[in-house]
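Subject: A structure to look through

Hello,

Please open the structure below and keep it on screen while you read. My notes on it follow.

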Amino acid sequence: PPPPENPPPVTTVPGEDSVYSAVLRLVLPDDNGRKITRCRLQLMGPNWKNRPPTTEWWEYGHQSLTFIDERDCEVVQVPWEERKKSMPDRRKMRTAWQFTALGLEAGAAYRFIWCCYNEVGASEWSDPSEDSLTLPSVPNKCKPPYVVDAAADVTSSSVKLTWDPPHDNGADITHYRLAWSTSAKFDGVKDIDGVVGTSYVLEGLLANKKYYARVSASNSVGEGLPSELDQNAGLGRGGCFATLAREPGPPRNIKAVAVERVAGAVFVHWDKPSDDGGSIVTRYKVLYSPTDDFEVFSEVVQKACRECKITEMRPDQEFYIDVMAANAVGYGPRSRRPALVKTNPVPPQKVVAPRRPDRPMLINVPGKPWYEAELQVSWLCPEKYDPKKGFLYDEDTQTHMISHYSVQLRGGVPHPEICEQLLSVEHVAQLRDRRSVPKHESNCTTVGGIMPGRFYHALVQAFSEAGASGWSVASEVVRAPPGQPDAPIAAQFVDIKPTSLVLEWGSPHGNGEEVTGFVLRWHVRRVLRGWR
């Protein structure tokens, strides 16, 4: 007898679909006089719609099962689909083995072929079956989320996480669930459900803080297992990541008080920032300014101690004081709520009068006729000051700012010390900017009513609350414009004769030029003595 006939294609049993198995019906062919004892099964798969197809046939083997016999199957009787006319009626039914193929992939398509054996040999392989589909399942377990570009995706308060889509097991993935926590055990975990896509930006995080995340995928069947944490992969991989540190927040509750019995000294205290930026605060910068906008300010830098004593400030003046905190990243913003304090004045025993002004400058005011001539005096403030800080207090040299000046002009011929004329201008105010820097251009005054042709020099004296300075060195001598001479002095007759008169007078002041001549005018009146 020959081997069995060629078997018909494998079919699946309706209603027996499963996720990881398929019930196959193997209808036994004609055994040609020798009983079929076993069979072999090959499969092509698994094939999914979103993966490259498998085109090779593989020997089915599950749990070391190579050959299949009736002990591995359920034996049933099925009708012939096309019964030969020569067959007797008793051959209307045929035997089939129903075999459950285990170990298949979920949601995949498979094709099967098989052959039969009797004691003579093996039949030919059957034709391939139709595609047999296993039921879809929940997606596979996701791999841990990761950070693609640490420079672009990580900030001090946010992180962009990315993950790879897992195998969907036959049903399209609809969304993801992202869970994150500050604990590797996911204590107090926070879930973000319904994430569409394979990336998500976590915001509102603390600076320089380590976080842990896991992700799971869902399809129409359900939700798959979440990813597992892999701390050995390093930060940014394996579901573990950390935010960047940033500058600390502003210090709080800034308070300042003037140090008792000490001029120009302030004690400042403040509380640490509520947000350290994820890094330890290592130092503070104390700013003080005469204005609340801090356009011009001075600063004192110190370590992490939250109190400071500032000295060498200007006495008897109000200051705004603010503080900035710094960590390894840099300085954060100032509090914008500065403390206002007024320094104590200089004690009475520490009073120093102003320094004597330097030599002033004296010039003629151009463009004036001699009878309206004016002299202009200008000088510099003798204080020591900083262009940004203003007046510099020094208990040995200057303790009070200059408030005003007195100006004195002395004139005469042939030198000012003759003092034919003494002119004074009092209370010339010293103007200042808001930083108390003196305005030198305002130290100028013009004096009129001068005598023409005289020689003048100018002196300046400074005044403050501490008293008056000495007079400055006299300026260079300036000559006033010359004018017309004065009128002759007391003309009178000194000798009278019948036919002549001798008239004499004093020569007047030439007002800057020598008198070169006189004009004599007389008038004759005839007197008739004794006539009526």
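**Charges over rings**

Arg 214 lies over the face of Phe 186, 4.3 Å from the ring centre. Keep in mind that this is a predicted model. A second case involves Trp 48: Arg 51 lies over the face of that ring, at 5.1 Å from its centre.

**Around strand β13**

Arg 214 also leads us to β13, where this residue is the bridge partner of Ala 179. Strand β13 covers residues 210-219. Is this strand mostly covered or mostly open? It is mostly covered: eight of its ten residues are buried.

β13 has two pairings to look at. Strand β10 (residues 173-181) joins β13 through eight bridges, and the two run antiparallel. Strand β14 (residues 240-242) joins β13 through three bridges, again antiparallel.

Now find Tyr 211. It stands opposite Phe 241 in β14. Tyr 211 and Phe 241 also belong to a cluster with Trp 180, linked by ring pairs.

**Salt bridges**

Side chains of opposite charge can pair when their charged atoms come close. How many salt bridges does a search of the whole structure find? It finds 21.

Start with Arg 177, in strand β10. Its side chain meets that of Asp 191 in a salt bridge, at 4.0 Å from N to O. Asp 191 sits in strand β11 (residues 190-195), and the two partners are 14 residues apart. So this pair links distant parts of the chain.

Arg 177 has another partner, Asp 193. Here the closest N and O atoms are 3.4 Å apart. Asp 193 lies in β11 and Arg 177 in β10, so the pair ties together parts that are 16 residues apart in sequence.

How accessible are these residues? Arg 177 is partly exposed, with a relative accessible area of 25%. Asp 191 counts as partly exposed too, at 47%. Asp 193 is partly exposed at 44%.

One more pair is worth finding. Arg 355 forms a salt bridge with Asp 358, and their closest N and O atoms are 3.8 Å apart. Arg 355 is partly exposed, with a relative accessible area of 44%. Asp 358 is partly exposed at 43%.

Some salt bridges share partners. Through them, Arg 177, Asp 191, Asp 193 and Glu 223 join into one network.

**An open sheet**

Next, find four strands that form an open sheet. Their order is β4-β3-β7-β8, and the pairing is antiparallel. Which strands stand at the edges? They are β4 (58-59) and β8 (132-133). Each has a single partner strand, so one side of each is left without a neighbour in the sheet.

Inside this order, β3 pairs with β7. Strand β3 spans residues 38-47, strand β7 spans residues 109-117, and eight bridges join them. To see one bridge, look at Met 44: its partner in β7 is Arg 111.

**Two nonpolar cores**

In soluble globular proteins, nonpolar side chains tend to be buried together. The largest nonpolar core here has 22 residues. Leu 41, Phe 99 and Trp 114 have the most contacts inside it. The elements that give two or more residues to this core are β2 (22-27), β3, β6 (93-101) and β7. Which of them gives the most? It is β7, with four residues.

Another core lies apart from this one. It has 20 residues, among them Val 377, Val 447, Ala 458 and Val 460.

**Strand β28**

Val 447 takes us to strand β28 (residues 444-447), where the side chains alternate. Thr 445 and Val 447 point to one face and are buried. Cys 444 and Thr 446 point to the other face and are not buried.

β28 pairs with strand β23 (residues 375-378) over four bridges, in the antiparallel sense. One of the bridge partners is easy to look up: Leu 375 is matched with Val 447.

**Aromatic pairs**

A pair of aromatic rings is described by the distance of the centres and the angle of the planes. The whole structure holds eleven aromatic pairs. One of them is Trp 370 with Tyr 371. The pair is edge-to-face, with 5.7 Å from centre to centre and 85° between the planes. Trp 370 is partly exposed, with a relative accessible area of 31%. Tyr 371 is exposed, at 59%.

Best wishes

Notes:
Residues are numbered from 1 along each chain as its sequence is written. This is a predicted model: local features need pLDDT of at least 70, side-chain atom pairs count only at pLDDT 80 or more; totals for chains, interfaces and linings use all residues. Side-chain values use heavy atoms; hydrogens and water are left out. Rings of Phe, Tyr and Trp (its six-membered ring) pair if their centres lie within 6.5 Å; planes under 30 degrees apart count as stacked, over 60 as edge-to-face and the rest as tilted. Buried means under 20% relative accessible area, exposed over 50%, partly exposed in between (1.4 Å probe, protein chains only). A charge sits over a ring if NZ of Lys or CZ of Arg is within 6 Å of the ring centre and within 35 degrees of the ring normal. Two strands pair if DSSP finds at least two bridges between them. A nonpolar core is a set of buried Ala, Val, Leu, Ile, Met, Phe, Trp, Tyr and Cys residues joined through side-chain atoms within 4.5 Å.
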